[in-house]
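I'm opening a fresh page for this one. The plan is to look up how some helices pack, then how the chains meet, then a few salt bridges.

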Amino acid sequence: MLYTASLYIALLIFSVGCLWRLWTWFTLRVGDSAQNETASRRIVAAVKGILSTLFSGAIFTMIREFVFNVLLQWKILKENPLRWCMHMLIYLGFILLFFLHAIDGTYSHPFFNNFYSTLNPYLSLRNIFGAMVIAGIILAVYRRITIKKLRSLTSPMDKYAIIILAVIMLSGVFLEASKIVSHQSFERMLQEYVHPDLYISDYEEDPYLEALMAYWQEDYGVVFPSIIDVDEEKLEFGQRVNDEFLCSSCHSRPSSAFVSYGTAKLISPAANTLTRFGAEVWLWYIHFLASFIGLAYLPFSKFFHIFSTPVSLVANSVMKQTHDSQPANTATRRAMELDACMHCATCSIHCSVGQIYKTMPNTSILPSEKIIDLKRLASRKEMDSGELQRISEGAYICTSCHRCTDLCPAGINLQDLWFCIREDLARHGFAEPFVQAREKALRLTKAPAQAPLIPYTPEGKGMRDELLLSSQSNTFTHCYRCVTCSNECPVVACFDDPVKALGLLPHQIMHALGLGLRQETLSARMVWDCVTCYACQEACPQGVKVADILYELRNISYRDVKGNSPVKGVQKVTSKGNV
Amino acid sequence: MKFAIFLGCKIPPFQPQYESSTRLICNALGVELVNEEFNCCGYPVRHLDYYSYIFSAARNLALAENRGLDLITPCKCCFGSLKKAQHILRERSDILSRVNENLADENLEYQGELRVTHLLELLYHDVGLEKIKQAVTRPFEQPRVAVHYGCHALRPSKIMGFDNPEHPQKFDQLVEATGAVSVSLNKKIQCCGNPLWEKNSELSMLFAQKRINQARAAGAEYLCVACTYCQIQFDTVQKIMISEERIPDPLPSILYPQLLGLCMGFSAQELGMDSHDLDSRDIVSFQKVVPSA
């Protein structure tokens, strides 16, 4: 009753969940081009696209992709063989268990001759598959613990997935083990298939029963309340009885169920206690409830990748990566890709700017987390400006090196999504951090021209302390305004009236720094139009690190954007400028 | 000679031909290039956070050092970025110890022993002009080429030490080793403008326009660069500029390993010259016909 009810509830949640996920594929809008595509247009375009692809040469590309990257998971193998082993063990093991065990009652009989879950080869196969999944889970946990980046990125969702899987597998093993050792099961079967009045407690009066029990105790691992004395003659007799009662026609020796049998041997000292407390019953409850919870949770968890990732891989294999012919299909592909991510963190482990996460602790720098940001943006979750600022930092620290896209085992065109996230951020009014810092700095109000300079000077001392990092950056104090830097500057040379165009010229910035005119220096266009060619610094007769100072001024302005104080943990440069 | 090759972020996705041509000529000249999964050199993040830049660069240095290899890069911006960081780490023990603290959990440590070099430096100093001239089997017959040095190879000269910052000659000599004429051009040391691309694209294109026009005025038929970003500027951005009618006709840009590669007997296709935005393949018409043996 509970079994059937919970199965149907789980199936219902599962179906509704899957439909909802499918619906998001046609409704989530990622990137500018998706903004005007309605769900109905996208569904029609998708159906057309699928039909036209199925009846074209592209079908072979799709089949090839399916075989290599869905079935054999070539991409994972190339990236990391250990991870491939882990995934293959879980995925193959679980699928085979699903067909040969989870749905055996209903579907296995028509497909397999003489199917009995308790007979070989099915009995041992089930254990082989179970052992595969368990080995896979162990590898998964091992990887998540030992690979530091993976460990720090493991989210509750990743943990739930592993926990549910582990509970299903372990409860299954223990369930089978508890049945192996259970004398109650033995008795029930005896009454059902031999005679309803047979009780194992009467074995002393029934030589047939005694022999059978001795045989089952020795060869099948059953633990009876009192140990049956065994001799060779009795065992031989027991074996004959086993055949005569037709026990052997349904039960292979459980030693071929090597995982459960090993576990049974392990628990056999406590077998009678376990049997008395009905271990086989509550393990069964745990086992099927965990399975059904897993089923119901599937569409809402990373498990959904078992559907979305193959679809994404196959679809991407035939859709042109960046310029898909149909904008409606591009929109659908991108929404689908958001679902295809299983948070394996391959992208983050190999990310070209992943190391920056250590120095700017912003998870949005890492691609595996950025895709979650994008999903939240696309589903129009409420986000405050601080969060959007963090996302934009991550989105633009990306150098578009394409490594994540090349390695993604789900075949997601991540690089394309990273361009979309910039578009989505722009619609929220968030530009590139460099531009954010520039615009903020250019808006700074300058002191009125007639105001005395002296009041600003204390601030200037603070300013000097802000310029901490580059080598000798407070060398601006050495400047004697010979204008060599400004004469060398190719940016200055671009303008007829450079002061008007650039606010302050490099030598004026160095001088203004000495006077402590913070706003004036940061808001000088020169700071933001520097090409970083180092011509100024090369030419300076005083050794002022002009270009490096301009870098640091941009850093200061960006810290203002983030509302951060100066970087901590670095010694201040001494007032002499040298360390 | 064995080096860890540092490609930077842009070469693999946007200029695979720079990688393949570099590998071809290095292989032919007996330089072994070893792959390592490096991260970004740190240049782009330097505008936002100086320490993140230094740490990014330092991690790469530590990765190469960890394998006991010196590091070579074909990109001038990566070169500048890495060398500058190396300099700062030499000068500032406080930053060095912070870097090493951050590297410790990966079992990495930066000692400061390795040499960071650029492809041109390797060719000029380690391989040597003589050996390069010997390797040139199909020399050019004097196409006029404007070299563009790239800011970060030259300046700050005390750190980079690549060449004389005002009158550099090494790149010219390398180009002339192929039989090409390096046109006299005093602006060859100036910036291509790419660092401002997408930040102030107008100004960025003005820089490119100046460089292209100056090169053309000096009689150049081709540009030659040895930097990822200079090539983006003179290839991709120049194409945009032509479409916007900012410059009349293209002055195609060739990557140095392609120029040298052609003379060493590799085909334009092998060197990936068909994947440029502006076609420079007609330079092969300047090659002397080698009499068949």
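**Helix packing in chain A**

I started with helix H3 (residues 58–71) of chain A, which packs against helix H17 (residues 305–318) of chain A at an angle of about 140°, the axes lying 9 Å apart. I have to remember that this is a predicted model. Angles over 145 degrees would count as roughly antiparallel, so I put H3(A) and H17(A) down as oblique to each other. The crossing of H3(A) past H17(A) is right-handed.

Which residues of H3(A) meet H17(A)? On the H3(A) side I listed Ala58(A), Thr61(A), Met62(A), Glu65(A), Phe66(A), Asn69(A) and Val70(A). Their partners in H17(A) are Pro310(A), Leu313(A), Val314(A), Ser317(A) and Val318(A). Sorted by class, this contact of H3(A) with H17(A) comes to eight nonpolar, three polar and one charged residues.

Next I checked helix H5 (residues 81–102) of chain A and helix H7 (residues 122–146) of chain A, whose axes come within 8 Å and cross at roughly 145°. Here the crossing of H5(A) and H7(A) is left-handed. I noted 20 nonpolar, four polar and three charged residues in the contact of H5(A) with H7(A).

**A helix pair in chain B**

Over in chain B, I looked up helix H2 (residues 16–28) and helix H12 (residues 256–263), with axes that come within 9 Å and cross at roughly 45°. That makes H2(B) oblique to H12(B). H2(B) passes H12(B) in a left-handed crossing.

From H2(B), the residues are Gln17(B), Tyr18(B), Ser21(B), Thr22(B) and Ile25(B), and they meet Pro257(B), Gln258(B), Leu260(B) and Gly261(B) of H12(B). I counted the classes too: four nonpolar, five polar and no charged residues in the contact of H2(B) with H12(B).

**Where A meets B**

How many residues of chain A are in contact with chain B? I get 54 residues of chain A against 51 residues of chain B. The two chains bury about 4,500 Å² between them, with 58% of it on carbon and sulfur atoms.

There are five salt bridges between chain A and chain B. I pulled up Lys84(B) with Asp548(A), a salt bridge whose closest N and O atoms are 2.7 Å apart.

**Salt bridges overall**

Searching the whole structure, I found 33 salt bridges over all chains. One I wrote down is Arg126(A) with Glu176(A), where the closest N and O atoms are 2.4 Å apart. This pair links distant parts of the chain, since Arg126(A) sits in helix H7 of chain A and Glu176(A) in helix H9 (residues 156–181) of chain A, 50 residues apart.

Methods:
Residues numbered from 1 in each chain as written. Chains lettered and ligands numbered in written order. Predicted model: local features only at pLDDT ≥ 70, side-chain atom pairs only at ≥ 80, totals over all residues. Heavy atoms only, no water. Axes fitted to C-alpha atoms, helices over the stretch in contact; angles between N-to-C directions. Helix = DSSP H or I, 4+ residues; strand = E, 2+ residues; numbered from the N terminus. Parallel < 35°, antiparallel > 145°, perpendicular 65-115°, else oblique. Left-handed = near helix turned anticlockwise from the far one by under 90°. Contact = heavy atoms within 4.5 Å. Nonpolar A, V, L, I, M, F, W, Y, C, P; charged D, E, K, R; others polar. Buried area = accessible area lost by both parts, 1.4 Å probe. Salt bridge = Lys/Arg side-chain N within 4 Å of Asp/Glu carboxyl O.
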